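Visitor: Please show me the structure. I would like to ask how its labels are earned.

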Amino acid sequence: MAQMTMIEAIKDAMRVELKRDPNVVIFGEDVGHVGGVFRATEGLQAEFGENRVFDTPLAESAIGGLAVGLSVQGFRPIAEIQFVGFIFEALDQMFVQAARLRYRSGGRYNAPIVFRTPFGGGVKAAELHTDALEGLAMQTPGIKTIVPSNPYDAKGLLISAIRENDPVFFMEHLNLYRAFRDEVPEGEYTVPIGKAKVVREGKDVTIIAYGLMVHTALKAAAELEKNGVQAEVIDLRTLMPLDIETIVESIKKTNRAIVVQEAQKSAGAAAEIIAQINENAILHLEAPVLRCAPPDTVYPFAQIEDVWLPNPARIVKTVNQVLQF
Amino acid sequence: MSKGSLDAPAKPGQAQAHEVRSENVIPLQILSPEGEVVNPERLPDLSDDQLKEIMYRMVFTRTWDDRAVNLGRQGRLGFYAPVSGQEATMVGSEYALEKSDFICPGYRDMPQLVWHGLPLYQAFLYSRGHQHGGQIPEGVNVLMPQIIIGAQILHATGIAMGYKLKNEKNVVIAYTGDGGSSEGDFYEGLNFAGSFKLPAIYFVQNNGYAITTPYAKQTGAQSIAHKALAAGIRGVQVDGMDVLAVISAVKEAADIAREGGGATLIEGLTYRFRPHSMSDDATKYRTKDEEAEWALKDPIVRFGKYLEAKGLWSEEDTARVKEEAKAAVAEHIKKAEQTEKMTVPGLIDSMFEQTPPNLEQQKADFQ
Ligand SMILES: Cc1ncc(C[n+]2csc(CCOP(=O)(O)OP(=O)(O)O)c2C)c(N)n1
């Protein structure tokens, strides 16, 4: 097995699928010759040619719409939106046109598109490069949302997403791209969309997280252990569809939970997760489920993002609140 | 109409055939690369002091850029997009405007803001990720650099409409790159300007690349200036390494706009000597030959030769301005570094005029 960073695993997933299926095409700003601003597609144009991997002009709405049109023609587009904040330019094409293609055509057409985009804080990037916009996608009917937290899952989930016949919003955390290496199998394997994973077992409280926050939650869990608190940590991996079963199973054991997210507190993924916990597990709870999240401001200029983002200490504080309820 | 500018769109009835065509355009040039006047009738009417001031600003901007790149490497600046090579388009276009005119910049256009009145330390604060970098002083008519490519084109269009509605004879200029001219916002903005005949100047600094993507892959259009035709506004192409040509083109566009003649799209052909951003390796997509060829057109060298021939500038002047610029940068970066850090409660309070109760509560996590 190979050791890969997350960015290498993502590239490997695309290579495998470009090879396997001649209908897979990759495009976006700067993804061709140079292989993207993070080199996620480096070498793929050289290997598969300009008809399979190509640069587009600088126009996100056109990138989104091109993906929809290519889908109608039977292709399986992987469209890169260079940084997450630029999805706003493409929202109509991604979240209206792609997400409704099946519905509007009565099932005649589908949109087997993966919209890949880097996101995620803690890197002091320019404005609108890091915002956690998964909540927008989750609120959009017809598109699935995936946020991997490690190289193994990233490759397996991306292969699943490419083979999926409905559009997928695939969010790659900037801070995880080169954070560490993982054992990643060569060739094909899939990680199922819509399955969460318990990454740490515990009996006292459940910490639900995704993306980089899984790692922050694990750090907090290690801190809590010093005080005798056994936290269970769940990596959601997919936000839509949400694996509520795994969450409920965990809460049956721990009776307490918090949700950690990088996105602003109100009306986001955590709010939805808590609503579903209420619908499915209210009788197993001994305390309200709390959110550990940034305040409802715009993603701040670089200077204070470290304070603004959830950190282990704030997660510990939130866990203590539910334990002491 | 002058050499270097496209005619206004053909009126129905003037056309020769059913197919729409347009001619190739030649960039407006006033100085040759050797600094000789090749187009005397377009020479802008500028005093010796003004000419020296323009040179001062270009040399200052180059030095500031050099220093900023170094400060970036030392971790003392944050997000910064290098500008060397583009001094003629940046300094020249701003110089051609009045202080009462408005500037809507892209992320690379900090020099225009500073020469329009934004204090340098605030440019550094902005780069260092401090909110107060964007607290624009009263009387400085600028927006902060836009990260969303093309968005500023639409803001400029709205500001221009404001001037028109208020019957004020000001103009607004918006900047973007060759890449930016592909965004939907660009077309929507130009089209509005055409349909409402707005006092706007859209200045595309075509430096040949959008990050790594070369111009040839950006568009199949004959030139970016040609994109004006479909919007029904004037289109002009200018040698963007020739500061006098830039000044002349922008002045002309501003005069036309002030007199109610509508908007102009100006394409400046330029080059950025450094990579796209601080984290980018230009050798992956540009050739040494190409870089050497553009170095011969260096706007500072060209204009310097012109001034030297007139006895207005010398190497000593350049050296003196460099020292002044270095001292100014040192002073302003210090001021930026000494500015009190922003806080999360302060950030929360900047969201609304009156902080709502739920946000008030959220401050508790940060006290
Ligand atoms: C809407 C949007 N899409 C993508 C980006 C990322 N991006 C930043 S600069 C750039 C290239 C811009 O090229 P150009 O407009 O030619 O300007 P230049 O940098 O060459 O001056 C890209 C793609 C962005 N900032 N905004």
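**Cysteines and cavities**

Guide: Over all chains, the structure holds zero disulfides. Keep in mind that this is a predicted model.

Visitor: What makes a pair of cysteines count as a disulfide?

Guide: The two sulfur atoms must lie within 2.5 Å. Over all chains, the count of such pairs is zero.

Visitor: Why is Cys292(A) called buried?

Guide: Its relative accessibility is 3%. Buried means under 20%, so Cys292(A) counts as buried.

Visitor: Why does Cys104(B) get the label buried?

Guide: The relative accessible area of Cys104(B) is 0%. The cut-off is under 20%, therefore Cys104(B) is buried.

Visitor: How many cavities of 30 Å³ or more are there?

Guide: Four. The largest cavity holds about 160 Å³ of space, and the second largest about 50 Å³.

Visitor: What lines the largest cavity?

Guide: There are 16 lining residues. Phe79(B), Tyr80(B), Ala81(B), Tyr107(B) and Met110(B) lie nearest the centre. The helices α1 (48–73), α3 (110–115) and α4 (120–127) of chain B each supply at least two lining residues. The largest share, four residues, comes from α4(B).

Visitor: What is the make-up of that lining by class?

Guide: The lining of the largest cavity has 12 nonpolar, two polar and two charged residues.

Visitor: Which residues line the second largest cavity?

Guide: Among them are Gly35(A), Val37(A), Phe38(A), Arg39(A), Glu80(A), Arg116(A) and Tyr177(A). By class, the lining of the second largest cavity divides into five nonpolar, four polar and three charged residues. Gly counts as polar, so Gly35(A) belongs to the polar group.

Technical notes. Residues are numbered from 1 along each chain as its sequence is written. Chains are lettered from A and ligands numbered from 1 in the order in which they are written. This is a predicted model: local features need pLDDT of at least 70, side-chain atom pairs count only at pLDDT 80 or more; totals for chains, interfaces and linings use all residues. Side-chain values use heavy atoms; hydrogens and water are left out. On a 1 Å grid over the protein atoms alone, a cavity is a set of points where a 1.4 Å probe fits but cannot get out, and a pocket is an open set with protein on both sides within 12 Å along at least five of seven lines; lining residues have an atom within 4 Å of a point. Grid points are joined across faces, edges and corners, and a volume is the space filled by probe spheres set on the points. Buried means under 20% relative accessible area, exposed over 50%, partly exposed in between (1.4 Å probe, protein chains only).
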